[in-house]
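Here is a short report for a reader meeting this structure for the first time. Take a look at the model, then read on.

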Amino acid sequence: MVKFPSLRVKLPAFLQDRIDRHYLDISFSRVAPLAVLIVFGVLVGLVFNTGVGHPYDKVIHIGFFALLTLAIHALFCCRLRISAVVAFGMGIAGEIVQGLLPHHEMSLPDTFANGVGVALIVALIALIRSESRQAVEDEQEELNLGQMGLEPVRRRYFSGQPSDGSGTPSDK
């Protein structure tokens, strides 16, 4: 496995009380979602003219806010619910600012699409975490073959040598 260099920057004391880690870990896995978000934003900005409605507007909102939530969560190592609230709050603030600007409009469907993007990434991260947690629990659980009505195989699979010294092959 390739190990990328990592840089740790200590956070101010007023932030240390609110997040899990007391430093900002600047590594490839932490910065990659932010880089993807920036590339996505630039490409969308180049392709679509701002302030003009188009058929893929809601899909762009969903994708952008999903990436924003992931980038906040990965870069700042904070709790998932904090990342979600910050990202959704930024979406609401963005819509309010759009309502104040000329040639833009505040839109409730855009805000709903922002929330869907945040909810999708939260659900995905929660699913991955629960699957990982279940895999660890399954790994730690000992199988009781007798309780299941089975008996262990008395032969080593790779060497073919009997494990109990009897020398007789298994009848199975």
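## A term to start with

A residue counts as buried when its relative accessible area is under 20%, exposed when over 50%, and partly exposed in between. Aspartate 110 has 7% relative accessibility, so it counts as buried. The model discussed here is a predicted one.

## The overall layout

The protein chain has five helices and two strands. Read from the N terminus, the elements run β-α-β-α-α-α-α. Buried residues make up 24% of the 172 residues in the chain.

The accessible surface of the protein chain comes to about 12700 Å². Carbon and sulfur atoms account for 65% of that surface. Contacts can also be sorted by distance along the sequence. Of those between residues at least 6 apart, 48% join residues at least 24 apart.

## Salt bridges around lysine 58

How many salt bridges does a search of the whole structure find? The search finds two. Side chains of opposite charge can pair when their charged atoms come close. One bridge joins the side chains of lysine 58 and aspartate 57, at 3.0 Å from N to O. Another joins the side chains of lysine 58 and aspartate 110, at 2.6 Å from N to O. This second pair links distant parts of the chain: lysine 58 lies in helix H3, aspartate 110 lies in helix H5 (residues 108-140), and 52 residues separate them.

Asp57, Lys58 and Asp110 are thus named together as a network of salt bridges. Are its members buried or exposed? Aspartate 57 has 18% relative accessibility, so it counts as buried. Lysine 58 has 33%, so it counts as partly exposed. Aspartate 110, at 7%, counts as buried.

## Helix H3 and what follows

Helix H3 covers residues 57-76, which is 20 residues. From its first C-alpha to its last, H3 reaches 28 Å. That is close to the 28 Å expected at 1.5 Å a residue. Just after H3 comes cysteine 77, which takes a positive phi of about 50°.

## Serine 83 and glycine 89 in helix H4

Helix H4 spans residues 80-100 and holds glycine 89. Serine 83 also sits in H4. Is serine 83 buried or exposed? Its relative accessible area is 0%, so serine 83 is buried. Which residues does serine 83 touch, leaving aside those up to four places away in sequence? They are Thr69, Ile72, His73 and Cys78. With histidine 73, serine 83 shares a side-chain polar contact of 3.3 Å.

Glycine 89 is partly exposed, because its relative accessible area is 36%. Glycine 89 and glycine 115 are 26 residues apart in sequence. In space, their C-alpha atoms are 9.5 Å apart.

## A nonpolar patch on the surface

Which residues make the nonpolar surface patch of about 600 Å²? They are Ile38, Val39, Val42, Leu43, Leu46 and Val47. Isoleucine 38 belongs to helix H2, which runs over residues 28-47. With a relative accessible area of 48%, isoleucine 38 is partly exposed. An α-helix has 3.6 residues a turn, so residues three or four places apart point the same way.

Technical notes
Residues are numbered from 1 along each chain as its sequence is written. This is a predicted model: local features need pLDDT of at least 70, side-chain atom pairs count only at pLDDT 80 or more; totals for chains, interfaces and linings use all residues. Side-chain values use heavy atoms; hydrogens and water are left out. Helices (H or I, at least four residues) and strands (E, at least two) are DSSP runs, numbered from the N terminus. Buried means under 20% relative accessible area, exposed over 50%, partly exposed in between (1.4 Å probe, protein chains only). Contact means heavy atoms within 4.5 Å. Accessible areas come from the Shrake-Rupley method with a 1.4 Å probe; for residues, only the protein chains shown count as cover. Patches are made of residues with over 30% relative accessible area and no salt bridge: like charges are joined within 9 Å, nonpolar side chains (Val, Leu, Ile, Met, Phe, Trp, Tyr) within 5 Å. A salt bridge is a side-chain nitrogen of Lys or Arg within 4 Å of a carboxyl oxygen of Asp or Glu. The expected span of a helix is 1.5 Å times one less than its number of residues. A polar contact is a pair of N or O atoms within 3.5 Å; within protein, one must be able to donate a hydrogen and the other to accept it, and residues adjacent in sequence count only if both atoms are side-chain atoms.
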